[in-house]
Each structure stands twice: as structure tokens, then as C-alpha cells.
Amino acid sequence: MEYPLSSIHATASIGAGTTIGAFTVIGENVVIGEGGAIGNGVVIHAGSRLGAGVRVDDHAVIGKQPLRGPRSAITRATALPAAEIGQSSLIGTAAIIYAGARIGCKVLVADLASVRENSEIGDETVIGRNVSVENRTRIGARCKIETNAYITALSTVGDDCFIAPEVTFTNDDYLGRTEQRFAHHGGPTLEAGARIGANSTILPGRRIGRDGLVAAGAVVTRDVPDRTLVMGVPAVRRGPVPEEELLENQ
């Protein structure tokens, strides 16, 4: 099939039934499965692999190489594997998936969101509009991360977690001062079923236990035990999570 308004490298493999819009650039050794839909002005960098039925909307970028400034703390100047997007996933308008990112099947990465290098997104997870998932982060299956949430580098999010709009994860207790910070860098860990309310802030390295619940606007300075509700600044225990809300009862 000819795509006269797009630039497609001769070594790219495009599956049967996949449509490609105008002014799209597809690099060498890219693999796109059958039945996909690639929009207008999309850039898919060399080696990227997209499964069957993947939809990439206008002006998205797949397989971008990261930039490393002279004061970057986490970004590494190393070779990265190709970006991978599992079958039936949806990538929104102007979203950016970096090289080395692995996106599972039936994932939605919404408009303007970004997933950085060496990060993983599990099957059927929703990454909402304008969400930033920073590098070396692991997000499990069936999670929902809503608009404008910031998931800092070195974070871990288990399966079936919910993160509301404007939530902020942090990974540096030293706020960029002293070399000692490099020994302690680490984002939060959310165990399966944890839920974080809107505008909450989670401090570096804190653990939110299985089915833990952080109320809106809280600042989490200590670990949250399993099945526990916390709220306030700083967040304190307010009791157990109701039984009917636990994962095992869904």
C-alpha cells in the first residue's frame, strides 16, 4: 500500500488492514500489527513495536529518546530498547511514549500524557489526560490514574490501584541538595488496591499498603498500613477501610 503524504522506512513492517494518516513518519525496523490505526502527524521512531489493533492518534510520538541535562539526577545516558505497545491499546493525541517503555494490552494512554523510558504499564490500565509517568516506574494491571497526576521516577504501583487527579508522588527527601540524596532516591510504593484521593502528596519511599486509602488533600509522611484510611496534613489514621470496598469483595 502507498502512503504518499507520509514517510515510511523501507524496513518497516505494517500489518494488513492498518491505516496511516497524512504526514506521519515511521522509522526503520518499526513493526505495526494488523488492524491498527495511525493518525496524522505521528512519529514512530526506529525499532518500535506496536501490536495488533493499536490506535495512535494525531501528533503522538512513539519511541522518543530522552533528553539528559547536565544536572539530571535519574536520566541515564545509556542505550535503550525499543518502545513496545501491546495489542488493542490506545495512544491519545500528542501523547509521548519513550524508548524503553513497555505498554501492555488494552491500555489507554490519553491525550497529552507521557510515559518515560524504562517504565512499564500493565494490561487494561488507564493513564489519564496529561498524566506524567516518569522513568523506571512500574504500574500494574487494571489501574486508573486520572488527569494531571504526577508519578515520579522510581515509583511502583500495584494492580487495581486508583490515583485521582492532581496527585503528586515525590522521590527526593533532600529536594535536590547534597550528594547524599543519591543513596536514598525512591518513589512511593502502592500495594494492590491502594487508592489515593485528589490533590494528595506522597513523600519519597512511603508505602501505601494493600487496599490502603488516602483521603483527598492529604500529605503522606509515613507508611500507610493495609486496609487503613488516612487523612490530613500530615496524614493520620482515621480507621479501617470499609469491608465492602476491599478488593476481595468486588
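**Exercise 1. Which residues is Ile97 in contact with, leaving aside its neighbours within four places in sequence?**

Solution. The structure is a predicted model, in which local features need pLDDT of at least 70, side-chain atom pairs count only at pLDDT 80 or more, and totals for chains, interfaces and linings use all residues. Residues are numbered from 1 along each chain as its sequence is written, and side-chain values use heavy atoms, with hydrogens and water left out.

Step 1. Contact means heavy atoms within 4.5 Å.

Step 2. With that cut-off, Ile97 is in contact with Val61, Ile62, Gly63, Lys64, Ala83, Ile85, Ile91, Ile103, Val109 and Val115.

Step 3. Place Ile97 in its core. A nonpolar core is a set of buried Ala, Val, Leu, Ile, Met, Phe, Trp, Tyr and Cys residues joined through side-chain atoms within 4.5 Å. Buried means under 20% relative accessible area, exposed over 50%, and partly exposed in between, with a 1.4 Å probe and protein chains only. The largest nonpolar core has 51 residues, and Ile97 and Ile163 touch the most other members.

Step 4. Look for a further core. A second, separate core holds 5 residues, among them Ala215, Leu229, Val241 and Leu246.

**Exercise 2. Describe the chain as a whole: its elements, extent and surface.**

Solution.

Step 1. Count the elements. Helices (H or I, at least four residues) and strands (E, at least two) are DSSP runs, numbered from the N terminus. The chain has 0 helices and 33 strands.

Step 2. Compare its extent with the globule rule, which is 2.2 Å times the number of residues to the power 0.38; the radius of gyration is taken over C-alpha atoms. The chain's radius of gyration is 19 Å, close to the 18 Å from the rule for 250 residues, so the chain is as compact as a globular protein of that length. Along the principal axes, the C-alpha atoms fill a box of roughly 60 × 45 × 20 Å.

Step 3. Take burial and contact range. Of the 250 residues, 48% count as buried. Of the contacts between residues at least 6 apart in sequence, 21% join residues at least 24 apart.

Step 4. Take the surface, using the Shrake-Rupley method with a 1.4 Å probe. The accessible surface is about 11900 Å², and 50% of this belongs to carbon and sulfur atoms.

Step 5. Count the charges. Lys and Arg count as positive and Asp and Glu as negative, while His and the chain ends are not counted. Each charge is placed at NZ of Lys, CZ of Arg, CG of Asp or CD of Glu. There are 24 positive and 27 negative side chains, and the centres of the two sets lie 7 Å apart.

**Exercise 3. Locate backbone features with a positive phi or a cis peptide bond.**

Solution.

Step 1. State the background. Most residues other than glycine have a negative phi, and most peptide bonds are trans.

Step 2. Check Lys106. Its phi is near 55 degrees, a positive value in a residue other than glycine. Lys106 lies in the loop between strand E14 (102–103) and strand E15 (108–109), and counts as exposed at 55% relative accessibility.

Step 3. Check Leu154. This residue is not a glycine, yet has a positive phi of about 70 degrees. Leu154 is in the loop between E22 and E23. Ala153 is in the loop between strand E22 (150–151) and strand E23 (156–157), and is buried, with a relative accessible area of 4%.

Step 4. Check the peptide bonds. Val233 and Pro234 are joined by a cis peptide bond with omega about -5 degrees. Pro234 sits in the loop between strand E32 (228–231) and strand E33 (236–240).

**Exercise 4. Compare the surroundings of Gly27, Gly205 and Arg238.**

Solution.

Step 1. Gly27 is in the loop between strand E4 (25–26) and strand E5 (31–32). At 16% relative accessibility Gly27 counts as buried. Outside four places in sequence, Gly27 is in contact with His9, Ala12, Ile44 and Ala46.

Step 2. Gly205 is in the loop between strand E28 (201–202) and strand E29 (207–208). This glycine is partly exposed, with a relative accessible area of 49%. Not counting residues up to four places away, Gly205 touches Gly186, Gly187, Pro188 and Asp223. Gly205 and Gly186 are 19 residues apart in sequence and 5.2 Å apart in space, C-alpha to C-alpha.

Step 3. Arg238 lies in strand E33 and is exposed, with a relative accessible area of 55%. Beyond its neighbours within four places, Arg238 is in contact with Leu229, Val230 and Met231.
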